[in-house]
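User: Could you take a close look at one helix pair for me, and then at the sheet? I'd like the cut-offs spelled out as you go.

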Amino acid sequence: MGAAGNDAASAAEIAALKRALELAAQGRHTTAPNPMVGVVLLRDGVEIGAGWHRKVGGPHAEVEALRDVDARGATLCVTLEPCAHHGRTPPCVDAIVAAGVRRVVACHADPDSRVSGLGFSRLGFAGLDVTWGHLVEEAVRLNWKYLTAKLLRRPAVTLKWAMSLDGKIATRSGDSRWISAPPARRWSLELREVHDAILVGIGTALADDPMLTRRLGKAEGPILRIVLDRRLRLPPTAKLFDQPGPVLVYAAADADAGLAAALRARGAEVALLPEVTPEAVLADLAGRAVQSLLVEGGAEVLGAFVAAGTFDRVEVVCAPLLVRGQDAPGPLGGAGTEKLADALRLDTLEVRRRGPDVLLGAFRDGCLRDLSASVAG
């Protein structure tokens with residue numbers, strides 16, 4: 001069985017993996033909690049078939065690519081280790097072997113405990129030439145939420161906010177609608193389509209009375225809407241109760257039972273925690289099989305996730321506005337750091353435009369590197 005290393009794959013195979021990654025990305029709205037996976041089949045360096053995982057519960061990418069194709073002696077280029085277990089569908093390794101594929105070239109291993117090297121091993125034992133460890137960082141960037149949930153055993157966390165050019169999320173009076181222009185606000189809604197859950201603190205819930213819903217129709221089903229509310233100040237008349245979909249409120253263990261009952265009567269689940277901290281919330285969400293979480297504010301909640309180190313990516317809208325004023329709030333609350341040397345560094349900064357606004361995205365320093373090291377083989 002092959003080992004990791006780009007020198008073990010041809011130029012045609014690397015090009016096929018790049019195309020497979022592009023195919024895989026088409027499933028970004030519909031595959032969770034499964035990973036996005038793409039496949040390209042080659043014979044003598046020429047593509048003869050392709051496929052991607054389109055929808056959770058549907059055929060995997062390997063099966064899609066092998067359908068109606070004579071794959072005897074072919075090379076299968078896949079973005080993730082083929083599964084070797086019975087889930088909603090049969091093992092992909094069985095389909096690959098049965099199709100007569102000669103060689104498998106993959107980006108990286110699947111950390112799912114039901115796979116985790118077993119797929120590669122079974123293919124090797126069946127006599128196939130198997131190599132992986134190619135375009136690892138690109139593949140990890142595609143499935144970073146899935147990989148984070150599997151490896152860290154907590155939801156992958158994205159922190160998101162909109163701010164003015166001078167770093168303010170509202171005026172000194174609390175006016176924050178709207179800092180960003182309509183194109184950037186639509187981009188914010190797109191983030192909800194690719195996360196399992198969305199979270200705000202009680203301050204944001206009271207000030208903005210948000211619905212926290214998906215509105216673009218790309219993902220299937222509603223998003224889990226979460227409010228951190230230690231003392232249960234969320235009113236039963238809040239707008240989020242007027243929208244379909246689950247609402248989860250985290251409160252302190254000694255919160256008022258009557259207030260909890262009133263929220264439950266409106267359809268909310270009230271979860272009582274000894275401490276309403278990012279760590280405790282993420283541990284509970286992991287037990288609920290939530291794979292990804294979008295944190296939209298406010299400043300104290302965002303600051304708490306940063307201080308705890310329990311975040312993986314930051315997404316920011318920066319608008320060409322100058323709000324001004326020392327009393328106008330910034331995006332991150334909490335004590336902060338005293339020295340720049342202690343500031344948290346971000347990695348792989350991306351800069352884009354949506355209308356008049358600038359979109360900034362970056363990973364927590366070491367996030368992609370650590371994930372890549374864990375799955376490269």
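Analyst: Here's the helix contact, followed by the sheet. This is a predicted model, where local features need pLDDT of at least 70, side-chain atom pairs count only at pLDDT 80 or more, and totals for chains, interfaces and linings use all residues. Residues are numbered from 1 along each chain as its sequence is written, and side-chain values use heavy atoms, with hydrogens and water left out.

The axes of helix α6 (residues 144-152) and helix α12 (residues 367-375) come within 11 Å and cross at roughly 70°. Axes here are lines fitted to C-alpha atoms, for helices over the stretch in contact, with angles running from 0 to 180 degrees between N-to-C directions. Helices are DSSP runs (H or I, at least four residues), as are strands (E, at least two), numbered from the N terminus. That crossing makes α6 roughly perpendicular to α12 (65 to 115 degrees counts as such; under 35 is roughly parallel, over 145 roughly antiparallel, the rest oblique).

On the α6 side, Trp 144, Leu 147, Thr 148 and Leu 151 meet Leu 368, Leu 371, Ser 374 and Val 375 of α12, contact meaning heavy atoms within 4.5 Å. Those residues split into 6 nonpolar, 2 polar and no charged (Ala, Val, Leu, Ile, Met, Phe, Trp, Tyr, Cys and Pro are nonpolar; Asp, Glu, Lys and Arg charged; the others, Gly among them, polar).

Now the sheet: it's open, with 9 strands in the order β10-β9-β8-β7-β11-β6-β12-β14-β13 and mixed pairing. Two strands pair if DSSP finds at least two bridges between them. β10 (269-273) and β13 (346-354) are the edge strands, each pairing on one side only. From one strand to the next, the twist averages 20°. Inside that order, β8 (residues 224-228) and β9 (residues 247-252) pair in the parallel sense over 4 bridges, and Ile 226 stands opposite Leu 248 in β9.
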